[in-house]
Amino acid sequence: MSTWIIQPRDPLIFRDGKPFTGDPGGRARSLPFPYPSTLAGAVRRQAGVREGFDFNKPKEIKPEQIKWMKDIAMRGPILAEIDTDGQLKYYFPSPADALLVQEQSGKVIRHRLKPVDPGGSVRTDLENLKPVGPATHVKDKTYSEAPSFWTWEQVKTWLEGTPNHDNMPAGLGFSGPVREQRSHVSIQPNTQTSVEGALFQTSGLEFTRVNSNGSPLVLAVETGIQLREGADFLGGERRVVRWARSNSLLPDCPEGVRNGIVEKKHCRLILATPAHFEGGHLPKHLGEKSGLSVSVQGVTLARYQTISGWDYEFNKPKLTRRLVPAGSVYFLKFEGDPNEEQIKKFIAEVWLQPVSDDEQSSRDGFGLALLGTWDGGLYEMEVKP
Amino acid sequence: MKYLFICAIGPVQEFIATARRSRDLWFGSWLLSELSKAAARKLEEISPGCLVFPSVASRELLETRNEFTAPNKVVAILDVEDAGGVIREAVKERLRSLWKDTAKRIDHEGGKIDEQTAHKQIEDLIEFYWVSVPFDEKNEKGYEDARETSERVLAARKATRNFSQPAWSSNHPKSSLDGARESVIPSGEYPERTDAPDEKNKKIEQLYLRYHARRGEQLSAVDLLKRLGEPGLSPRFKSTSDMAAIPFIEALNNKEEGMGTALLQEIRDLLPDQELLDGAEEGLVFESRFADAFPSQQPAKEKLEAFRKKVKKYGTPNPYYALLAADGDNMGRFIDDLKTADDHRSLSKAMSSFALAAREIVNAKQGVSIYSGGDDVLAYLPLHTVLSCAAELHASFAALMEGVKKEVKYSGQVTPTLSVGISISHHVDPLSEALELARDAERLAKKEKSKDGLAIILRKRSGVDREISGKWGIFDVRLNELVRMYQAEAISAGTAYELQELHRVLSKSSVPPEGVAGEAVRILKRKKEAGGKAEIQTGVLEQFTAWVQNKTISLEGLSREMIVAGMLAGSLETQKEVTA
């Protein structure tokens, strides 16, 4: 397994499912971050090219060759920055169990969300799961400039648990690649002038930065297959990127988190990339590989993301599926009183490994998970009806 | 024992964010309101008089054909604890009946959609969350505590955002509106490259007649619902292109009675089939809208030239229009300060009155009300009336709040006010973008100290966004003054750009502010009125000097305000300068 970095030179466009036609006023707007399948596709195509597959003649690629490509697994993409010493500084999507609000005074407070016990007589339409909220009733408005990516250092502290609320720390994170908008025209070939009213817009993600230290943003992926360094295309509109090998490894599960999970026999699972579960928001096979019985007590997600994409194998649009977004948090309980061994095995099998229900989605990189502590306790409602 | 019941219907963002045409946006808001009304009606049926939000003066406002817009959160006091399932069913039933009508309409025109997939997409559409909290009505603090608990639990429940995988996925192309669902229109309905031109035109016409699909748009069942649902209620309401053109037509009619109207008729006479107009009226002065009315959107060369000659004779219409988003300030705190259900009902009734009044104000200003419910208003308007519309909304809201405070004997510190955001966009820009911009403006308005602000963001295709904002009572007064000056053609549009250039050059220098102000006044003295003949009037010059020397407005800010004021003035002269 080695880590590879993709350094975009151009702003990248990762399209949503909307058809982009010649309709004036049409827009191709990028998703704010690429889905793992886009990167998996890029890795597999590179591998295929190395093997001599000719992608200009797709019908000549044999089924077993396609299967070979689809079997290649990739972990990522993880947003990162190249440090002055050449090491990668990782960023992870902001966890959904952190709520940032802004008080009247302007101060920004960070609340830790946990499953809530609403009291026996309160009814909701939610079945089998506990609602998830802050320790007290928070009336302030959500902080409009909450960063969508946190630094690994900040995430690590958050995974280790504790205060129910604190002041938003300085240097928490940032909002990832900036959106850049371009207007395009349609040129008439005979007059070489633009067609009246035919204005299109594309909106891409800018990874190069002119900031304090000017270090570029990169996408990091991990894969076992041999790749080629150098220029390549990624995403829509054939935008150019550069592939390079990196010595950095993805972070390990912090010792404090490991001990906390073993002790309390409960944990939080936070997605680092979007996940695909057959049941929608609930995973089906969590813990099966390590023989643990895991039950989900509560969940906090941002709204599901929709993905379809293009099937190059059969040359048609793929089916629409829904993903649990990165940053979503699952509050898990280990049933049946497992021992330390079993829990450590679970941690090793889940930490920054894909937890999606089906094998192909996992190989595509969907559902990489981080783990954090949770003591299994619920917030009580202060005001009892 | 009583039960405080709150339900929230969604997904709100989805309906509003994926709009492509003004009708999509209007319908999204209308649909949510319809579903909320269905919930409210069912609750009234179970327990008459139980509604707290929305509380209406008369039950008929909750009927489906009534203009009243219900907010998507409904609150009631019930005698039973488990009404949730019944209310959800009432909401789903209303949606089903709306879809049934749409499907019938498509069938009537000869359309053949994938019914199974469509049905599943509709069933899957609605989000419905509810909470029920018991309380003892004899306890003085019972209602208050229950309300706090229910708000908290509802927020926590919403955070789960549970969902299931779609049951309707396939390899079919995806919706052109949001890419999130498969289209249900059969591929055979679309023109192929190998079709003869006649066949192509026929298919394009049919796509429009049967599905209201344009230019190869792929539409899901949800999109079809947006396009075809309830035609009786939105008879050809005006588009954003119409909004942009209204000041031009009016200016022509002012110059000479009936001149603008005559121009429109001349243009209509050039069209092949008036049926395909899709409601375009004033908007026909724009070439893109004129071309839209032809099959396959390609008018013959002679027609296009005739069109251009006709319009050019009169001038150049300004292609920009305004989108207004208004929202009450401090409403949450005000609601929390009120402790009884009856006080909440009084507030809710006032909010319902405001919603109706707002709609009337927008209509009177020749705009289109997309959403008017509670303390939230969304409308699009022509540039020359948007400012006065905003002012009337602000005043109407203030008057109603005064009324509420007297009725509930309020002794607290909070006064809800109305912050207004306005975006000015090109009529061809995607509506969802104009909407985002209007929301940005609304947020900017709320950044004023103690809120109560007005903010305008101008997005011209050629440059960066220009933002101006300030408090009601000061900023709008100045802006109105500037608009009057432009309308009276007392200053030329170029003045603003010269002042901007002055700021750019001198701001990085060591020239003190008084020096910069003096230089600005010197420039103004040199400028002529619009049209370049008369000297700039003394009164105007004095006013400018006062503004320029006032430390609370920067020269750069003033020049931006002037640029925006020029757009809002709507005179033929400024329109020409704008598009030059």
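**Entry 1: helix α1 of chain A**

I started just past α1(A), where Gly52(A) takes a positive phi of about 95°. This is a predicted model, and I kept that in mind for everything below.

Then I went back along the helix itself, residues 36–51 of chain A. I wanted to know whether its length adds up: at 1.5 Å a residue, its 16 residues should span 22 Å, and the end C-alpha atoms sit 23 Å apart, so the two agree. Next I looked up which α1(A) residues are buried. The list runs Pro36(A), Leu39(A), Ala40(A), Ala42(A), Val43(A), Arg44(A), Gln46(A), Ala47(A) and Gly48(A). I noted that an arginine, Arg44(A), and a glutamine, Gln46(A), are on it.

**Entry 2: Trp68(A)**

From there I moved to Trp68(A), which belongs to helix α2 of chain A, residues 63–71. Is it buried, partly exposed or exposed? Its relative accessibility is 33%, so I put Trp68(A) down as partly exposed. Setting aside residues up to four places away in sequence, I found Trp68(A) touching Ala47(A), Gly48(A), Glu51(A), Phe53(A) and Ile225(A). Two of those names, Ala47(A) and Gly48(A), were already in my buried list for α1(A). I also checked the spacing to Gly48(A): 20 residues in sequence, 9.0 Å in space from C-alpha to C-alpha.

**Entry 3: two more spots in chain A**

I looked up Ala231(A) in strand β17, residues 230–234. At 54% relative accessibility, Ala231(A) counts as exposed. Apart from neighbours within four places in sequence, it is in contact with Val241(A) and Arg242(A). I also noted Arg9(A), 222 residues away from Ala231(A) in sequence but 9.4 Å away in space, C-alpha to C-alpha.

Glu349(A) came next, in helix α5 of chain A, residues 340–350. I logged Glu349(A) as partly exposed because its relative accessibility is 26%. What does it contact beyond its neighbours within four places in sequence? I found Lys289(A) and Ser290(A). The C-alpha atoms of Glu349(A) and Lys289(A) are 7.6 Å apart, with their positions 60 residues apart in sequence.

**Entry 4: a helix pair in chain B**

Over in chain B, I checked how α2 (residues 22–46) packs with α7 (residues 221–228): the angle is about 100° and the axes are 8 Å apart. I therefore wrote α2(B) and α7(B) down as roughly perpendicular to each other. On the α2(B) side the contact uses Arg23(B), Asp24(B), Phe27(B) and Leu31(B); on the α7(B) side it uses Leu225(B), Lys226(B), Arg227(B) and Leu228(B). I sorted the α2(B)–α7(B) contact by class and got four nonpolar, four charged and no polar residues.

Then I looked at Ser220(B), in the loop between α6 and α7 of chain B. Ser220(B) is buried, at a relative accessible area of 0%. Leaving out neighbours within four places in sequence, its contacts are Gln121(B), Ser175(B), Arg181(B), Glu182(B), Ser183(B) and Val184(B).

**Entry 5: cysteines**

How many disulfides are there over all chains? I got zero. I took Cys7(B) as a case to follow up: the closest cysteine sulfur is in Cys50(B), 10 Å away, which is too far for a bond. Cys7(B) is buried, with 0% relative accessibility. I looked up Cys389(B) too, and it is buried with a relative accessible area of 0%.

Terms used:
Residues are numbered from 1 along each chain as its sequence is written. Chains are lettered from A and ligands numbered from 1 in the order in which they are written. This is a predicted model: local features need pLDDT of at least 70, side-chain atom pairs count only at pLDDT 80 or more; totals for chains, interfaces and linings use all residues. Side-chain values use heavy atoms; hydrogens and water are left out. Axes are lines fitted to C-alpha atoms, for helices over the stretch in contact, and angles run from 0 to 180 degrees between N-to-C directions. Helices (H or I, at least four residues) and strands (E, at least two) are DSSP runs, numbered from the N terminus. Angles under 35 degrees count as roughly parallel, over 145 as roughly antiparallel, 65 to 115 as roughly perpendicular and the rest as oblique. Contact means heavy atoms within 4.5 Å. Ala, Val, Leu, Ile, Met, Phe, Trp, Tyr, Cys and Pro count as nonpolar, Asp, Glu, Lys and Arg as charged, and the others, Gly among them, as polar. The expected span of a helix is 1.5 Å times one less than its number of residues. Buried means under 20% relative accessible area, exposed over 50%, partly exposed in between (1.4 Å probe, protein chains only). A disulfide is a pair of cysteine sulfur atoms within 2.5 Å.
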